[in-house]
Amino acid sequence: MATHSSEINGPDVNDPAINGPAINGPAIEVDRLTVRRGGRTVLDGIGFSCPPGSITGLLGPSGSGKTTLIRALVGVQIITDGTVTMLGMPAGSAALRSRVGYVTQSPSVYSDLSVAENVRYFAAVFGLGTAEADRAIDDVGLSTAARQVTGSLSGGQRSRVSLACALVARPEVLILDEPTVGQDPLLREDLWDRFHTEAAGGTTVIVSSHVMDEANRCDRLLLLREGTIIADGTPADILSRAGTDSMDEAFLSLIRHSMAGGRSTDEVTS
Amino acid sequence: MSGPILLATSGRILRQLRRDRRTIAMLIVVPVLLLFLLYYMFDGAGQRFDGVALVMLGIFPFVIMFLVTSIAMLRERTSGTLERLLTTPAAKPDLLFGYGLAFGVAADVQGAVACAAAYWIFDLRTAGPAYLVIGIAVLNALLGVALGLLCSAFARTEFQAVQFLPLVVIPQILLCGLFVPREEMAGWLGGLSRVLPLTHAVEALQQVGLHPEPTAVMWRGVGIVGGCVVLALGLAAATLRRRTP
């Protein structure tokens, strides 16, 4: 039955023959990560790991530490304690720079350049040419806007330009901070299809979001609150744990439960 | 550092500049307008105009490039593109020398137009050749670029960046020997003047004004300004941090 379904549904993401040489161990490994900033503990000894080709959703209210965690994964955050290992190397290692793609929350692209000029510049930084840039623009559905100046685009289009600048390098790990903010439902669907396509090709994806209905599209969820992980499991685990069939309700209930004081024993095991 | 990334960065900065027509117009037209003002202030061509206009050909590119670069680099920092670039294979010198090269090209155009106007429209006379004047003007532009890149690290907003103009640029103009000859300054002022790079750039220009051939004093000035450019770029590289709190 399992073999059949994988034949019907396309490539099995766990099959090394499809993914190329398998990475030994997890693609991402975070151990006792602590970040203090200005006397405040932003991340408090968190740990988790992600297998290659998985999509992990990072959820939590604003101020819960999502962006700090993402910055630590990319290696731009000064960390106080613990380790962050990406593809077997310490996060931020020079060798990771063309293998880890990072898309910041606010689109970090040049608003005075056209879409194509932006993506071609980042392609050149990764040692790639215009063909790869054009492919990445096509991947995010901006081919018809390629010649437009980025500053004249809608917020949603701008964040897709930013995404294209990361996708162009075909990274093995793709780290996305709230990539679907400001996108209409149809485009959000397209973006999630894109993330699943990348993951099916072996890319490990981490997506932060505070839109709970997107949580169902992840293989696995981490719920962050005040710098600690208060729930870790598949969407089904989280729902059954909260005893509801709505993600919104599940998160509200888990957050309230953690506020009531039971947070250290709150891990959902899958 | 990688040649292709540096060139791609320069190309990208020039493309950004190309889309900003008003800035291009200001870069090219403003020095000529200021020369026009000087020309009428000194009642037309003559020795006094020659002396001041020659020094101004060195000061304009320095001031304008300082402003343009510090704002451009600040935008790179605040838009998040700098942090993003530092997560890619781009090295810090690729970025800094990319800026230097791009604005150096812009300074070439600016210097050539300003010198052409000075010699042909306003009848500037120098004992030395015009190409040396353009060369020193471009070197001064690079000094402006390097100091602008460095100062942008200490500003969080564009308002703050502009404040570095009176702090870093105007003292150099006051003390460079344009208003009061350096020999007539009080000892400590003269000493202060000697440690400011613009003083040496102005001295080099004045040498071109007085002597038909390049002099040792001119080369010393050029060397000191070049050294300051490299030093400021090195310090600017030290302010670019891949990891931040």
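Start at B:Val222, in helix α10 (residues 216–239) of chain B. This is a predicted model, so treat each stop as a feature of a prediction. Is B:Val222 buried, partly exposed or exposed? Its relative accessibility is 22%, and buried means under 20%, so B:Val222 counts as partly exposed.

Now show the neighbours of B:Val222. Leaving aside residues up to four places away in sequence, B:Val222 touches B:Ile136, B:Leu139 and B:Ala204. Then pick B:Asp94, 128 residues from B:Val222 along the chain. The C-alpha atoms of the two are separated by 24 Å.

**The largest pocket**

Select B:Thr23, B:Leu67, B:Val68, B:Ile71 and B:Ala72. Of the 34 residues that line the largest pocket, these lie nearest its centre. The space inside the largest pocket is about 770 Å³. Colour the helices next. Two or more lining residues come from each of α1 (3–19), α2 (21–41), α3 (47–78) and α5 (92–121) of chain B. Which element gives the largest share of this lining? It is α3(B), with 11 residues. Colour by residue type and the lining of the largest pocket splits into 23 nonpolar, 4 polar and 7 charged residues.

**The second largest pocket**

Keep α3(B) on screen and move to the second largest pocket, with a volume of about 580 Å³. Its lining has 22 residues, and B:Arg77, B:Thr78, B:Leu82, B:Glu83 and B:Thr244 are the closest to its centre. Helices α3 and α4 (81–85) of chain B are the elements that give two or more residues to this lining. Here α3(B) gives the most, with 3 residues. By type, the lining of the second largest pocket has 7 nonpolar, 9 polar and 6 charged residues.

**Chain A, overall**

Switch to chain A. Its 270 residues are 50% buried. Its secondary structure consists of 9 helices and 10 strands. Take the contacts in chain A with a separation of 6 or more: 67% of them join residues 24 or more positions apart.

**The four-stranded sheet**

Select β2, β1, β4 and β5 of chain A. In that order they form an open sheet of 4 strands with antiparallel pairing. At the edges are β2 (40–50) and β5 (89–90) of chain A, each pairing on one side only. Zoom in on β1 (residues 28–37) and β4 (residues 81–86) of chain A, an antiparallel pair over 5 bridges. Which residue of β4(A) is the bridge partner of A:Val30? It is A:Val84. Add helix α3 (residues 66–74) of chain A, which lies across β1, β2 and β4 of chain A. This helix runs at about 120° to β1(A).

**The six-stranded sheet**

Next, trace β6-β7-β8-β3-β9-β10 in chain A, an open sheet of 6 strands with mixed pairing. Its edge strands are β6 (100–103) and β10 (228–233) of chain A. From one strand to the next, the twist averages 15°.

Focus on β3 (residues 55–59) and β9 (residues 220–225) of chain A. They pair in the parallel sense over 4 bridges. Label A:Gly57 and, opposite it in β9(A), A:Leu221.

Finish with two helices. Helix α6 (residues 155–167) of chain A lies across β6 and β7 (173–177) of chain A, at about 170° to β6(A). Helix α9 (residues 247–259) of chain A lies across β3, β9 and β10 of chain A, running at about 45° to β9(A).

Key
Residues numbered from 1 in each chain as written. Chains lettered and ligands numbered in written order. Predicted model: local features only at pLDDT ≥ 70, side-chain atom pairs only at ≥ 80, totals over all residues. Heavy atoms only, no water. 1 Å grid on protein atoms, 1.4 Å probe; cavity = no way out; pocket = protein on both sides within 12 Å on 5 of 7 lines; lining within 4 Å. Points joined across faces, edges and corners; volume = space filled by probe spheres on them. Nonpolar A, V, L, I, M, F, W, Y, C, P; charged D, E, K, R; others polar. Pairing = 2+ DSSP bridges. Contact = heavy atoms within 4.5 Å. Axes fitted to C-alpha atoms, helices over the stretch in contact; angles between N-to-C directions. Buried < 20%, exposed > 50% of the residue type's maximum accessible area, 1.4 Å probe, protein only.
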